[in-house]
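Okay, everyone, let's pull this one up on the screen. I'll walk through a few spots.

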Amino acid sequence: MHKKLFLTSSVFVALLCAASSAQAQYDVRVFLADSGVDFVADQVASYVPSVLKPPAFGKPFGCMDFEQRDTTINLSVGDVTIDMPSDKRIRVKMDFSAAIEGEMYADDIYACLGEVTCDDTMTVDKASALFDFDLVVVDGKPRVSAHNMQLSLLPDDVDFELSGCGFTGSVLNTAVGFAEGWLLEFMESKLEDMAAEYLVPMLE
């Protein structure tokens, strides 16, 4: 005898099957519900802040010190797609772009002497944020938990420029690597927060 129970949320349908009523373990099969998928995809953009204001952040490199400050990040959300790359896993893919302006302060950059303040800009084109969620059934109810989040972008998708600095060579490479890396990490962190705060309860 087969026993079937349909458990539904706004986003997915979980089908539990057991060979007999005496079995304690169930095989959970999860299917996307089209109406819920469309709803979540339409709502994702509204939960992504269009403007971010990161705090100042500094880091030493040898005797040099760099600080990124007075930064504004403008985010623009593109297409949002939802699918199931594997059983019991749902993925939300969000395309986005970013335009960033700020200021970099550099100290002790000339033989561990001197300081300079630069303007910096960064653009991110055709980037994607991939959110993976695990789907389980707990006490007969669908539950969603964040599994992983990562940014997907190519080096050519990121353009970073410094102006008004006057330094070149290894100092310039260090400055660009510092600011570019930290800004991408900050955006990734904020998108992870958004997923935990809004996407998880929405999917449930």
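When I say contact, I mean heavy atoms within 4.5 Å. With that, start at Gly 102: leaving aside neighbours within four places in sequence, Gly 102 is in contact with Gln 68, Arg 69, Asp 70, Thr 71, Cys 118, Asp 119 and Asp 120. Quick background: this is a predicted model, where local features need pLDDT of at least 70, side-chain atom pairs count only at pLDDT 80 or more, and totals for chains, interfaces and linings use all residues. Residues are numbered from 1 along each chain as its sequence is written, and side-chain values use heavy atoms, with hydrogens and water left out.

Back to Gly 102, which sits in strand E7 (strands are DSSP E runs of at least two residues, helices H or I runs of at least four, numbered from the N terminus). Is Gly 102 buried or exposed? Its relative accessibility is 12%, so it counts as buried (under 20% relative accessible area; exposed is over 50%, partly exposed in between, with a 1.4 Å probe and protein chains only).

Now the aromatics. Rings of Phe, Tyr and Trp (its six-membered ring) pair if their centres lie within 6.5 Å; planes under 30 degrees apart are stacked, over 60 edge-to-face, the rest tilted. That rule gives seven pairs. Phe 57 and Trp 182 are stacked, 5.1 Å centre to centre with 0 degrees between the planes. They link strand E5 to helix H2, 125 residues apart. Trp 182 is buried at 11%, while Phe 57 is partly exposed at 31%.
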